[in-house]
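User: I want to go through this structure label by label. For each label, tell me what earns it.

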Amino acid sequence: IAENSEGRLYGFVYQHLNESEGYFNDSLDVVDAIGIHHTIPLDQVVFVVQNKATIARELFSRLLAKDDMGEVKKRIDQLFELYSFEFRQGIMDKDPNVIDNVGFVGNRAIRIDVGRLRNTLKKQDRDLLVLKVKQKFYRWVNKYFPGHEQEISDYLDIKIQQLHTRLLHD
């Protein structure tokens with residue numbers, strides 16, 4: 001279970017990271033988006049159970065459509081708290097698609113797609129990853145909410161500087 005510095009969970013409820021034998025007595029029946037049932041033998045698959053999150057794209061779309069920049073900035077702060085935690089743990093996201101791979105549960109950002117995470121972060125990679133996060137978020141805002149791109153860009157620059165300062169002192 002991943003925790004931040006205040007001990008709060010980052011979305012994971014349960015992790016089954018290795019195949020097992022006889023640990024789970026039942027299989028899981030999952031119904032996909034088009035109604036097809038799939039039986040999953042839980043002992044034979046690696047999986048995590050996470051809290052249900054609101055995808056960042058959905059949340060930011062609602063907030064920006066209402067011009068609620070105060071809440072947008074609070075949510076950006078939460079994104080940077082998540083990335084700061086991951087960086088301090090040496091975790092890197094090879095595909096930092098902040099809009100689709102991160103979500104929110106309550107007042108915290110959580111990782112909802114862990115498929116490209118690696119624990120091989122080097123300090124020289126950190127700057128590139130932060131820049132990619134900014135670029136992806138900025139391009140999305142520019143495409144869908146073009147009236148907010150400058151304010152978002154300026155705020156992201158502030159958060160990036162704060163992140164660099166914080167990481168230098170850790």
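**Labels and their grounds**

Analyst: Start with Q78, which is found in helix α2. Helices here are DSSP runs of H or I with at least four residues, strands are E runs of at least two, and both are numbered from the N terminus. This is a predicted model, in which local features need pLDDT of at least 70, side-chain atom pairs count only at pLDDT 80 or more, and totals for chains, interfaces and linings use all residues. Residues are numbered from 1 along each chain as its sequence is written, and side-chain values use heavy atoms, with hydrogens and water left out.

User: Is Q78 buried or exposed, and how do you know?

Analyst: Its relative accessibility is 11%. Buried means under 20% relative accessible area, exposed over 50%, and partly exposed in between (1.4 Å probe, protein chains only). Q78 therefore counts as buried. Across the protein chain, buried residues make up 36% of the 170 residues.

User: Which residues is Q78 in contact with, leaving aside neighbours within four places in sequence?

Analyst: Q78 is in contact with F104, N107, R108 and A109. Contact means heavy atoms within 4.5 Å. R108 and A109 also come up in β8: R108 and I110 point one way from that strand, A109 and R111 the other way, and all are buried. That fits a general pattern: in a regular strand the side chains alternate between the two faces of the sheet.

User: What makes I110 buried?

Analyst: I110 has a relative accessible area of 0%, so it counts as buried. This residue is found in strand β8. I110 and K52 are 58 residues apart in sequence and 9.9 Å apart in space, C-alpha to C-alpha.

User: How do you know that β7 and β8 pair?

Analyst: Two strands pair if DSSP finds at least two bridges between them. Four bridges join β7 to β8, and the two run antiparallel. One of the bridge partners is R108 in β8, matched with V105. The hairpin of β7 and β8 has two residues between the strands, and G106 takes a positive phi near 60° there.

User: What makes β5 a partner of β7?

Analyst: Two bridges join β5 to β7 (residues 102-105), again antiparallel. I55 has G103 as its bridge partner in β7. The resulting open sheet has three strands in the order β5-β7-β8. β5 (54-55) and β8 (108-111) are at the edges because each has a single partner strand, so one side of each lacks a neighbour in the sheet. Helix α2 (residues 69-88) lies across β7 and β8, at about 50° to β8.

User: Why is α1 called roughly antiparallel to α2?

Analyst: Their axes come within 8 Å and cross at roughly 155°. Axes are lines fitted to C-alpha atoms, for helices over the stretch in contact, and angles run from 0 to 180 degrees between N-to-C directions. Under 35 degrees is roughly parallel, over 145 roughly antiparallel, 65 to 115 roughly perpendicular, and the rest oblique. That angle makes α1 roughly antiparallel to α2. L59, F60, L63 and L64 of α1 make the contact with M69, E71, V72, R75, I76 and L79 of α2.

User: What is the relation between α2 and α4?

Analyst: Those helices pack at about 155°, with their axes 12 Å apart. α2 and α4 are therefore roughly antiparallel to each other. I76, Y83 and F87 of α2 meet R126, L129, V130, V133 and F137 of α4.

User: Which residues touch the most other members of the largest nonpolar core?

Analyst: A nonpolar core is a set of buried Ala, Val, Leu, Ile, Met, Phe, Trp, Tyr and Cys residues joined through side-chain atoms within 4.5 Å. This one has 32 residues, and F60, L64, V72, I76, V98, F137 and I152 touch the most other members. Two or more residues come from each of α1 (56-65), α2, α3 (98-101), β7, α4 (123-144) and α5 (149-169). α2 gives the largest share, eight residues. Beyond four places in sequence, L64 touches M69, V72, W140, V141, F145, H148 and I152.

User: Where is D67, and what stands out about its phi?

Analyst: D67 lies in the loop between α1 and α2. Its phi is near 55°, a positive value in a residue other than glycine. Most residues other than glycine have a negative phi.
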